[in-house]
Number of protein chains: 2
Amino acid sequence: MAATKGLGLARVAEAAGVSVATVSNAINRPHLVAEATRARIVDAMNALDFVPNRAAATLRMGSNRLLGLVVPEIVNPFYAAITEAIAVESGARGYALALCVSHDDPVAELRHFEMLAEHRAAGAIAVPLGASADRLTQLQMVGTHLVLIDRIVDEHNGCSVAMDDVLGGRMAAEHLLGSTAGEGIALVNGPHTIPQCADRRRGVMQALHARGARDEVVEFESPHMTVEEGFQIGRRIASTNSPRRIFCTNDQLALGVIRGLRDSGLTVPIDARVVGFGDLTLATEGDTQITSIAQPKAEMGRAAVRKVLSEITDGDQHRHTVTMFPPELVVRNSAPLP
Amino acid sequence: MAATKGLGLARVAEAAGVSVATVSNAINRPHLVAEATRARIVDAMNALDFVPNRAAATLRMGSNRLLGLVVPEIVNPFYAAITEAIAVESGARGYALALCVSHDDPVAELRHFEMLAEHRAAGAIAVPLGASADRLTQLQMVGTHLVLIDRIVDEHNGCSVAMDDVLGGRMAAEHLLGSTAGEGIALVNGPHTIPQCADRRRGVMQALHARGARDEVVEFESPHMTVEEGFQIGRRIASTNSPRRIFCTNDQLALGVIRGLRDSGLTVPIDARVVGFGDLTLATEGDTQITSIAQPKAEMGRAAVRKVLSEITDGDQHRHTVTMFPPELVVRNSAPLP
DNA sequence: TCGAGTGATTTAATCGATTAAATCTTCTTC
DNA sequence: GAAGAAGATTTAATCGATTAAATCACTCGA
C-alpha cells in the first residue's frame with residue numbers, strides 16, 4: 001500500500017527496504033554495501049525488472065557512457081571493418097556507440113559533433129576531413145576526447161591511430177622487385193593531394209633507393225581510382241614499354257589494370273605482375289586473386305577504442321600517442337613469390 | 001557579478017534577461033515566444049556557446065532522441081548499405097543512432113536491447129535472430145518501438161521491412177528461361193532452413209509452373225554458400241547433364257560456379273548462363289560481371305527509419321505495416337538478355 | 001565506562017530541461 | 001472604465017541517479 005514512489009531506484013529501494021543511496025552503491029560501489037543487503041537489492045531489482053536510467057546518471061555525472069564514431073561512409077569495406085571492430089569493442093567495454101556518417105561533408109561532420117556534445121558523449125573517434133587545425137579545435141570544443149583514425153592530422157592535440165602507408169608502399173615495391181635490381185616499377189596512383197597516395201609513392205621510392213637502383217618509376221595517375229580508370233591504364237601499360245611490375249595503390253585499380261592487361265593479350269602474372277592495396281575481399285574472391293597490402297582494420301578499430309577509453313578514465317596518467325600499424329603483404333596469384 | 005547559476009538554460013536565461021521556461025519555449029515551442037524575445041535568446045545562446053543537455057531532457061521526458069540499430073554484422077555489403085542508409089536518415093531527422101553488432105549471438109542481442117532501454121532509446125530497428133516469439137516480447141519488453149528489417153517474423157506485433165525473396169527467385173528464373181518453355185533450371189541454393197533460401201526457391205517454382213513446364217529443377221545445396229563451395233558445384237554441373245541455366249541464391253556462389261564452369265572448359269554465357277542474387281559490388285567489378293537480383297538496400301533502410309519514427313510520433317494514428325520491397329534484375333554479361 | 005575506530009546506511013543537495021498552472025500585460029469592446 | 005480575452009512570461013514541481021557529509025550501530029582497548 002505504501003505509495004510507489006517514482007519508478008527508478010526508489011522503487012527498488014522500497015522493495016528491498018533500504019534507501020536509494022544504498023541501491024546506487026550496491027550497483028556502482030558494491031564494496032560499500034554489506035553482502036546480505038546487496039543480495040536483497042539484487043533480488044528486488046530482478047523481481048521488479050528494474051532498468052536503470054542512463055539519462056539521470058548522465059545528467060548528474062556530466063558524461064554519458066557513450067562513444068561517437070564519425071566516418072565518411074560505411075559502404076566501403078575498409079570503414080565497414082573498422083566500424084564493426086569499434087562497435088564490438090565499445091560494446092564489450094559497456095559503452096554505447098553513436099554512429100555518424102559524414103559523407104565527407106564538413107557541415108554534416110560538425111552537426112554530428114554537436115549532437116555528440118548534446119548527448120554528453122564521453123569521447124569520439126573520427127576519420128576527420130579537411131585537416132585544418134581550427135576545424136579540429138572546433139570539434140574538440142565540444143569537450144569530448146577525440147581520437148583520430150585513418151587520416152591523421154599533425155596539429156591534433158590528442159591520440160591518433162593510422163596505418164603506415166609509406167611502409168606499405170615500400171613492401172609492395174620490394175615484393176615486386178624481388179631480388180632483381182635495376183628494374184623499374186609502374187606505379188598506378190591516385191592524386192598526390194591524397195596523403196595516402198603520396199605516402200605509398202614515397203615508400204616505393206624508398207625501396208628503389210634502398211637497392212641503389214635508378215629511379216625508374218613510371219607513374220600513371222588515376223583521378224578517381226576506379227576499376228574503369230584502372231582498365232584504361234592497364235591497356236596503356238600493355239601498349240607501351242613501361243615496367244611490367246605494377247603497383248596499384250588500391251585494389252579497384254589493380255582489378256581494372258589486370259582486366260586491361262588481359263584485354264590487350266597479356267597474362268598475369270606471366271607477362272606482368274600486379275600488386276594492389278587494401279586487400280578487399282572482392283580481390284580475394286574474384287577470378288583473379290590479387291596480391292595486396294592488407295591493413296589491420298580490426299586492430300586499428302580496437303586500438304582507437306582503447307585510446308579514447310584511456311583518455312576518459314586514466315585522466316592525468318594518460319599520454320597522447322600516435323600509433324602507426326604496420327601493413328601486411330598478402331601474396332596471391334597476381335604477383336606470386338618470385 | 002550576478003553569480004552564474006548553473007551552466008545550462010539558466011545561464012542563457014540570465015544573459016537574455018528571461019526565465020529558463022522562456023528559453024526552453026524559444027527552443028521547442030517558438031510560437032509561444034514573442035519574436036523580439038526569441039531573437040535575444042538566440043543571440044545569448046550563440047554568445048555563450050550553449051550546448052543543450054539531452055540527458056536532462058531525456059530524464060524529464062522519459063525518452064531520448066535516439067534510435068537503436070541491431071545488425072548481425074557490418075562487414076557484409078548488404079548490412080553495410082542498410083546501416084549507412086539508416087544512419088543518414090536518422091541523422092537527418094535529428095535522431096542519434098546507436099549501433100549494435102550482434103554477431104548472431106542471442107546473448108549479445110539481448111544485452112544490446114537492455115542497453116538501448118537504459119538509454120531510453122525512442123525506438124529500435126533490428127535484424128532479429130532466432131525468430132522465437134517470446135524472444136521478441138522480451139525485446140519489446142524494453143518498451144521501445146521495434147521495427148524488424150530483412151528477417152521478418154510473423155509473430156512480431158509491429159512494423160517490418162523486408163524484400164520479396166519469392167518474387168526475386170521468380171524474376172531470376174524467368175530471366176533465365178526467357179521465352180523458351182519446357183527447359184529446367186539448376187538451382188544452387190543454401191540450406192532450406194534459411195527462410196531466404198526457401199523463398200527464392202519457391203519463386204523459381206512459381207516461374208516454372210507459370211509457364212506450364214514440368215518441374216525441372218535440379219537443385220544443388222551449398223551448406224555455407226561460399227565461393228569455394230560454388231566452385232565445386234560449378235565443376236559438378238559441368239560434368240553432368242544438369243541444366244545450363246543456373247540460378248545461384250547469392251553472388252558468392254555465382255562467382256564460384258562461374259569459376260568452376262570455366263575450370264571445366266565451359267564458357268559463360270555461351271555454354272551456360274548464370275544469375276546471382278544480392279548484386280554485390282564485387283560481382284560488378286570482377287572480371288566477370290554477374291547478372292543479379294539487386295535488393296533496394298538504401299530504400300529498405302530509409303523505410304525502416306520512417307516506420308519507427310511514425311510509431312514514435314504518430315501515436316494512435318499509427319498502424320503497423322509490413323513492407324515488402326520488390327527486387328530489381330540487373331542484367332550483365334553472365335546472363336545477358338536472351 | 002568512555003572514546004576511538006570501523007563499517008553500514010541514510011540524508012539531502014544536485015545535475016538541467018520540461019511543462020502545467022499561475023501571473024502579469026495589453027488590448028478589446030460595450 | 002470595467003470585464004474579459006488573448007498573448008507573453010514566470011513560478012515551481014518533476015524526472016532518477018549520484019555522492020559528500022552525517023548518522024547510526026558495533027567492537028575493542030585502555
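Q: What makes the sheet of chain A an open one, and in what order do its strands run?
A: In this predicted model, six strands line up as β7-β6-β8-β9-β10-β12 (chain A), with mixed pairing. The two ends settle the matter: β7 (217-221) and β12 (328-330) of chain A sit at the edges with a single partner strand each, so one side of each has no neighbour in the sheet. From one strand to the next, the twist averages 20 degrees.

Q: Why is the pairing in this sheet of chain A called mixed?
A: Strands of a sheet can pair either parallel or antiparallel, through backbone hydrogen bonds. Examples of both turn up here. β6 (residues 185-189) of chain A and β8(A) run parallel, and so do β8(A) and β9 (residues 273-277) of chain A. β10 (residues 291-294) of chain A, on the other hand, pairs with β12(A) in the antiparallel sense.

Q: How do you know that β8(A) really pairs with β6(A) and β9(A)?
A: The cut-off for a pair is at least two bridges. Three bridges join β6(A) to β8(A), and three join β8(A) to β9(A), so both pairs pass the test of at least two. Ile246(A) is a handy landmark: Ala186(A) stands opposite it on one strand, and Val274(A) is its bridge partner in β9(A).

Q: What about β10(A) and β12(A): how many bridges do they have?
A: Three, which again meets the cut-off of at least two. Look for Ile293(A) opposite Leu329(A) in β12(A).

Q: Which way do the residues of β8(A) point, and are they buried or exposed?
A: Arg245(A) and Phe247(A) point one way, while Ile246(A) and Cys248(A) point the other. That fits the general pattern, in which side chains of a regular strand alternate between the two faces of the sheet. All four named residues are buried, and that label calls for 20 or more other C-beta atoms within 10 Å of a residue's own.

Q: Which strands does helix α9 of chain A touch, and at what angle does the helix run?
A: α9 (residues 195-210) of chain A packs on the sheet and touches β6, β7, β8 and β9 of chain A. Its direction makes about 170 degrees with that of β6(A). Angles run from 0 to 180 degrees between N-to-C directions. Then there is α11(A), which lies across β6, β8, β9 and β10 of chain A at about 155 degrees to β9(A).

Q: What does the sheet of chain B look like?
A: Chain B has an open sheet of six strands too, in the order β7-β6-β8-β9-β10-β12 with mixed pairing. Its edges are β7 (217-221) and β12 (328-330) of chain B, each with a single partner strand, so one side of each is free of a neighbour in the sheet. Inside it, β8 (residues 245-248) and β9 (residues 273-277) of chain B run parallel over three bridges, with Arg245(B) opposite Arg273(B).

Q: What makes one face of α2(B) the buried one?
A: Thr22(B), Val23(B) and Ala26(B) are buried. Down the axis of α2(B), its buried residues fall within an arc of 100 degrees, so they line one face of the helix. They pack against α1 (9-16) and α3 (35-47) of chain B. On the other side, Ala21(B) and Asn28(B) are exposed, a label that takes 12 or fewer C-beta atoms within 10 Å.

Q: Which residues come nearest to DNA strand C, and which element supplies the largest share?
A: Of the 29 residues around DNA strand C, the nearest are Ala21(A), Gly8(B), Leu9(B), Ala21(B) and Ala56(B). The largest share, six residues, comes from α2(B). By class there are 17 nonpolar, 10 polar and two charged residues.

Q: And which residues are closest to DNA strand D?
A: Gly8(A), Leu9(A), Ala21(A), Ala56(A) and Ala21(B), out of 28 surrounding residues. Here α2(A) gives the most, with six residues. The class split is 17 nonpolar, nine polar and two charged.

Q: How many residues of the two chains are in contact, and which element of chain A gives the most?
A: 41 residues of chain A are in contact with 40 of chain B, where contact takes C-beta atoms within 7 Å. α5(A) gives the most on the chain A side, with seven residues. That side has 22 nonpolar, 11 polar and eight charged residues.

Note on methods
Residues are numbered from 1 along each chain as its sequence is written. Chains are lettered from A and ligands numbered from 1 in the order in which they are written. This is a predicted model: local features need pLDDT of at least 70, side-chain atom pairs count only at pLDDT 80 or more; totals for chains, interfaces and linings use all residues. A residue is near a molecule or strand if its C-beta atom, placed from the backbone, lies within 6 Å of it. Ala, Val, Leu, Ile, Met, Phe, Trp, Tyr, Cys and Pro count as nonpolar, Asp, Glu, Lys and Arg as charged, and the others, Gly among them, as polar. The arc is that of the directions from the helix axis to the C-beta atoms.
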